[in-house]
Amino acid sequence: MPPAVTMRSVTAADIPAIEALHDRAFGPGRYARTAYHIRDGLPSFSPLCQLAEREGVLAAALRMAPVTIGGRAGAQLLGPLAVEPPLKGLGIGKALVVDALAAARQAGVQIIVLVGDLPYYERFGFTVAPPSRFDLGGPVNPARLLFIELVPNALSQFRGLVAAEPALQ
Ligand SMILES: CC(C)(COP(=O)(O)OP(=O)(O)OC[C@H]1O[C@@H](n2cnc3c(N)ncnc32)[C@H](O)[C@@H]1OP(=O)(O)O)[C@@H](O)C(=O)NCCC(=O)NCCS
(Lines give C-alpha, C1' and ligand atoms only; values in the text may rest on other atoms or scores of the structure.)
Protein backbone atom coordinates (compact mmCIF):
# COMPACT_ATOMS: atom_id res chain seq x y z
CA MET A 1 0.00 0.00 0.00
CA PRO A 2 1.35 3.50 -0.75
CA PRO A 3 2.87 5.03 2.40
CA ALA A 4 0.69 8.15 2.15
CA VAL A 5 -2.47 6.06 2.59
CA THR A 6 -3.87 5.63 6.09
CA MET A 7 -6.80 3.60 7.40
CA ARG A 8 -9.38 4.45 10.03
CA SER A 9 -12.93 3.62 11.12
CA VAL A 10 -15.85 5.09 9.21
CA THR A 11 -17.93 7.85 10.81
CA ALA A 12 -21.31 9.30 9.82
CA ALA A 13 -19.57 12.27 8.20
CA ASP A 14 -17.86 9.91 5.70
CA ILE A 15 -21.07 8.44 4.28
CA PRO A 16 -21.72 10.96 1.44
CA ALA A 17 -18.17 10.52 0.10
CA ILE A 18 -18.45 6.73 0.37
CA GLU A 19 -21.78 6.76 -1.51
CA ALA A 20 -20.17 8.84 -4.25
CA LEU A 21 -17.27 6.36 -4.41
CA HIS A 22 -19.75 3.49 -4.79
CA ASP A 23 -21.40 5.34 -7.68
CA ARG A 24 -18.04 5.60 -9.44
CA ALA A 25 -16.95 2.04 -8.65
CA PHE A 26 -20.21 0.13 -9.23
CA GLY A 27 -22.73 2.36 -10.95
CA PRO A 28 -26.43 2.76 -10.12
CA GLY A 29 -27.34 -0.89 -10.88
CA ARG A 30 -25.80 -1.95 -7.58
CA TYR A 31 -29.01 -1.30 -5.66
CA ALA A 32 -30.68 -4.21 -7.41
CA ARG A 33 -28.24 -6.72 -5.94
CA THR A 34 -29.41 -9.10 -3.25
CA ALA A 35 -26.63 -8.14 -0.82
CA TYR A 36 -27.86 -4.54 -0.90
CA HIS A 37 -31.35 -5.61 0.14
CA ILE A 38 -29.96 -7.36 3.20
CA ARG A 39 -28.16 -4.19 4.25
CA ASP A 40 -31.24 -2.03 3.55
CA GLY A 41 -32.54 -2.25 7.07
CA LEU A 42 -29.26 -1.29 8.72
CA PRO A 43 -27.59 2.00 9.58
CA SER A 44 -25.13 2.97 6.85
CA PHE A 45 -22.06 2.01 8.87
CA SER A 46 -21.01 -0.13 11.82
CA PRO A 47 -17.93 -0.16 14.09
CA LEU A 48 -16.13 -2.62 11.79
CA CYS A 49 -16.42 -0.44 8.67
CA GLN A 50 -13.04 0.87 7.54
CA LEU A 51 -11.83 3.41 5.03
CA ALA A 52 -8.50 4.37 3.52
CA GLU A 53 -7.60 7.97 2.77
CA ARG A 54 -4.76 9.82 1.14
CA GLU A 55 -4.03 13.35 2.24
CA GLY A 56 -7.44 13.47 3.88
CA VAL A 57 -9.28 12.37 0.72
CA LEU A 58 -11.20 9.10 0.55
CA ALA A 59 -9.26 6.40 -1.36
CA ALA A 60 -11.28 3.26 -0.56
CA ALA A 61 -13.98 1.96 1.75
CA LEU A 62 -15.05 -1.40 3.08
CA ARG A 63 -18.38 -2.03 4.76
CA MET A 64 -19.05 -4.74 7.29
CA ALA A 65 -22.64 -5.32 8.40
CA PRO A 66 -23.74 -7.48 11.33
CA VAL A 67 -26.12 -10.21 10.23
CA THR A 68 -27.79 -13.21 11.70
CA ILE A 69 -27.61 -16.52 9.86
CA GLY A 70 -30.54 -18.80 10.59
CA GLY A 71 -31.28 -16.48 13.53
CA ARG A 72 -27.83 -16.90 15.04
CA ALA A 73 -25.59 -13.88 15.77
CA GLY A 74 -21.82 -13.77 15.35
CA ALA A 75 -21.71 -13.24 11.58
CA GLN A 76 -20.91 -10.28 9.36
CA LEU A 77 -21.65 -9.51 5.72
CA LEU A 78 -18.59 -7.98 4.02
CA GLY A 79 -19.12 -5.45 1.27
CA PRO A 80 -19.17 -3.30 -0.62
CA LEU A 81 -15.40 -2.95 -1.01
CA ALA A 82 -14.50 -0.17 -3.40
CA VAL A 83 -11.24 1.53 -4.32
CA GLU A 84 -11.07 4.83 -6.21
CA PRO A 85 -10.53 3.74 -9.83
CA PRO A 86 -7.20 5.60 -10.30
CA LEU A 87 -5.86 3.95 -7.13
CA LYS A 88 -6.68 0.34 -8.03
CA GLY A 89 -3.94 -2.27 -7.90
CA LEU A 90 -1.83 -0.52 -5.26
CA GLY A 91 -2.71 -2.90 -2.44
CA ILE A 92 -5.29 -0.63 -0.79
CA GLY A 93 -8.12 -3.16 -1.15
CA LYS A 94 -5.96 -5.93 0.29
CA ALA A 95 -4.91 -3.77 3.23
CA LEU A 96 -8.54 -2.93 4.04
CA VAL A 97 -9.64 -6.57 3.91
CA VAL A 98 -6.72 -7.78 6.04
CA ASP A 99 -7.46 -5.05 8.57
CA ALA A 100 -11.19 -5.83 8.59
CA LEU A 101 -10.58 -9.53 9.16
CA ALA A 102 -8.25 -8.80 12.07
CA ALA A 103 -10.73 -6.36 13.63
CA ALA A 104 -13.61 -8.81 13.19
CA ARG A 105 -11.60 -11.62 14.79
CA GLN A 106 -10.75 -9.30 17.66
CA ALA A 107 -14.44 -8.43 18.06
CA GLY A 108 -15.39 -12.11 18.35
CA VAL A 109 -16.98 -12.48 14.92
CA GLN A 110 -17.18 -16.18 14.01
CA ILE A 111 -17.91 -16.13 10.31
CA ILE A 112 -17.97 -13.62 7.46
CA VAL A 113 -19.96 -14.03 4.27
CA LEU A 114 -19.83 -11.98 1.09
CA VAL A 115 -20.94 -11.95 -2.51
CA GLY A 116 -17.87 -11.33 -4.65
CA ASP A 117 -15.08 -12.60 -6.86
CA LEU A 118 -13.43 -15.76 -5.54
CA PRO A 119 -10.20 -15.02 -7.47
CA TYR A 120 -9.84 -11.83 -5.43
CA TYR A 121 -11.07 -13.04 -2.03
CA GLU A 122 -9.48 -16.48 -1.92
CA ARG A 123 -6.11 -14.90 -1.08
CA PHE A 124 -7.58 -13.92 2.30
CA GLY A 125 -8.96 -17.42 2.97
CA PHE A 126 -12.50 -17.07 1.61
CA THR A 127 -13.99 -20.11 -0.12
CA VAL A 128 -17.26 -20.85 -1.90
CA ALA A 129 -20.11 -21.66 0.48
CA PRO A 130 -21.50 -25.19 0.33
CA PRO A 131 -24.55 -25.37 -1.97
CA SER A 132 -27.78 -24.10 -0.35
CA ARG A 133 -26.01 -23.46 2.94
CA PHE A 134 -26.88 -19.77 3.10
CA ASP A 135 -30.08 -18.12 1.89
CA LEU A 136 -29.63 -14.44 1.07
CA GLY A 137 -33.33 -13.95 0.47
CA GLY A 138 -32.81 -13.30 -3.25
CA PRO A 139 -30.92 -14.51 -6.28
CA VAL A 140 -27.16 -14.96 -5.84
CA ASN A 141 -24.69 -16.69 -8.13
CA PRO A 142 -23.61 -19.60 -5.88
CA ALA A 143 -20.04 -19.37 -7.22
CA ARG A 144 -19.84 -15.85 -5.78
CA LEU A 145 -21.28 -16.63 -2.35
CA LEU A 146 -18.14 -16.86 -0.22
CA PHE A 147 -17.35 -17.28 3.45
CA ILE A 148 -14.45 -17.42 5.88
CA GLU A 149 -14.41 -18.96 9.35
CA LEU A 150 -12.71 -16.82 11.98
CA VAL A 151 -12.97 -19.56 14.58
CA PRO A 152 -12.47 -23.26 13.84
CA ASN A 153 -15.57 -25.08 12.57
CA ALA A 154 -17.71 -21.95 12.72
CA LEU A 155 -19.48 -23.03 9.55
CA SER A 156 -21.12 -25.90 11.40
CA GLN A 157 -22.99 -23.34 13.54
CA PHE A 158 -24.40 -21.28 10.68
CA ARG A 159 -27.03 -22.33 8.19
CA GLY A 160 -30.05 -20.64 6.65
CA LEU A 161 -31.32 -17.11 6.13
CA VAL A 162 -28.77 -14.29 6.18
CA ALA A 163 -30.61 -11.28 7.57
CA ALA A 164 -29.77 -7.78 8.77
CA GLU A 165 -29.68 -7.46 12.52
CA PRO A 166 -29.99 -3.79 13.47
CA ALA A 167 -29.86 -4.61 17.17
CA LEU A 168 -26.28 -5.83 16.68
CA GLN A 169 -24.99 -2.53 15.33
C1 LIG B 1 -11.72 -5.20 -6.52
C2 LIG B 1 -11.02 -4.07 -5.77
C3 LIG B 1 -11.72 -3.80 -4.46
C4 LIG B 1 -9.56 -4.51 -5.49
O5 LIG B 1 -8.89 -3.52 -4.75
P6 LIG B 1 -7.44 -3.00 -5.25
O7 LIG B 1 -6.91 -2.10 -4.21
O8 LIG B 1 -7.58 -2.50 -6.64
O9 LIG B 1 -6.64 -4.37 -5.32
P10 LIG B 1 -5.30 -4.73 -4.55
O11 LIG B 1 -4.23 -3.76 -4.97
O12 LIG B 1 -5.56 -4.87 -3.12
O13 LIG B 1 -5.01 -6.16 -5.12
C14 LIG B 1 -4.56 -6.28 -6.43
C15 LIG B 1 -4.64 -7.75 -6.79
O16 LIG B 1 -6.02 -8.15 -6.85
C17 LIG B 1 -6.30 -8.63 -8.14
N18 LIG B 1 -7.68 -8.28 -8.43
C19 LIG B 1 -8.23 -7.06 -8.42
N20 LIG B 1 -9.56 -7.14 -8.72
C21 LIG B 1 -9.81 -8.45 -8.91
C22 LIG B 1 -10.99 -9.18 -9.24
N23 LIG B 1 -12.16 -8.59 -9.43
N24 LIG B 1 -10.86 -10.52 -9.35
C25 LIG B 1 -9.68 -11.14 -9.16
N26 LIG B 1 -8.54 -10.50 -8.83
C27 LIG B 1 -8.62 -9.17 -8.73
C28 LIG B 1 -5.29 -7.96 -9.03
O29 LIG B 1 -5.09 -8.71 -10.20
C30 LIG B 1 -4.04 -8.01 -8.15
O31 LIG B 1 -3.51 -9.30 -8.14
P32 LIG B 1 -1.96 -9.57 -7.72
O33 LIG B 1 -1.80 -9.17 -6.29
O34 LIG B 1 -1.81 -11.05 -7.92
O35 LIG B 1 -1.15 -8.72 -8.66
C36 LIG B 1 -10.98 -2.76 -6.60
O37 LIG B 1 -10.28 -2.99 -7.80
C38 LIG B 1 -12.34 -2.16 -6.90
O39 LIG B 1 -12.79 -1.28 -6.17
N40 LIG B 1 -12.99 -2.65 -7.97
C41 LIG B 1 -14.31 -2.13 -8.36
C42 LIG B 1 -15.34 -2.47 -7.33
C43 LIG B 1 -15.49 -3.96 -7.09
O44 LIG B 1 -15.58 -4.73 -8.03
N45 LIG B 1 -15.55 -4.33 -5.80
C46 LIG B 1 -15.91 -5.66 -5.38
C47 LIG B 1 -14.79 -6.64 -5.33
S48 LIG B 1 -15.46 -8.27 -5.56
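Here a colleague and a modeller talk through how the terms for this predicted model are applied.

Colleague: What should I know about the ground rules?
Modeller: It's a predicted model, so local features need pLDDT of at least 70 and side-chain atom pairs count only at pLDDT 80 or more, while totals for chains, interfaces and linings use all residues. Residues are numbered from 1 along each chain as its sequence is written.

Colleague: How do you know how many helices and strands the protein chain has?
Modeller: They're DSSP runs numbered from the N terminus: helices are H or I of at least four residues, strands are E of at least two. That gives 4 helices and 9 strands, in the order β-α-α-β-β-β-α-β-α-β-β-β-β from the N terminus.

Colleague: What makes the protein chain as compact as a globular protein of that length?
Modeller: The globule rule is 2.2 Å times the number of residues to the power 0.38, and the radius of gyration is taken over C-alpha atoms. For 169 residues the rule gives 15 Å and the chain comes to 15 Å, so it passes as that compact. Along its principal axes, the C-alpha trace spans about 45 × 30 × 30 Å.

Colleague: Why is Pro 152 called exposed?
Modeller: Exposed means 12 or fewer other C-beta atoms within 10 Å of the residue's own, buried means 20 or more, and partly exposed is in between, with C-beta atoms placed from the backbone. Pro 152 has 8 such neighbours, so it counts as exposed. Pro 152 sits in the loop between E8 and strand E9 (160-164), and its C-alpha is 8.5 Å from that of Gln 110, though the two are 42 residues apart in sequence. Chain-wide, buried residues make up 34% of the 169.

Colleague: Why is E4 described as largely enclosed by the rest of the structure?
Modeller: Because 9 of its 12 residues are buried. Strand E8 (residues 145-149) gets that description too, since 4 of its 5 residues are buried.

Colleague: What makes E3 and E4 a pair?
Modeller: Pairing takes at least two bridges found by DSSP. E3 and E4 have 8, in the antiparallel sense, with Met 64 opposite Leu 78 in E4. They form a hairpin with 2 residues between them, and Gly 70 in the turn has a positive phi of about 60 degrees. E4 also pairs with E5, this time in the parallel sense over 4 bridges.

Colleague: How do you know that strand E6 (residues 127-128) pairs with E8?
Modeller: There are 2 bridges between them, antiparallel, against the required at least two. Val 128 stands opposite Leu 146 in E8. Strand E5 (residues 111-115) pairs with E8 as well, antiparallel over 5 bridges.

Colleague: What makes a set of residues a nonpolar core?
Modeller: They must be buried Ala, Val, Leu, Ile, Met, Phe, Trp, Tyr or Cys, joined through C-beta atoms within 7 Å. The largest core has 49 residues, and those touching the most other members are Ala 60, Leu 77, Ala 100, Ile 112, Val 113 and Leu 114. Strand E3 (residues 57-69) gives the largest share, 8 residues.

Colleague: Which residues are near the ligand, and what makes them so?
Modeller: Near means a C-beta atom, placed from the backbone, within 6 Å of the molecule. Of the 16 residues around the ligand, Lys 88, Gly 93, Lys 94, Gly 116 and Pro 119 come nearest. Helix H1 (15-26), strand E4 (72-83), helix H3 (92-106) and helix H4 (118-121) each supply at least two residues of the shell.
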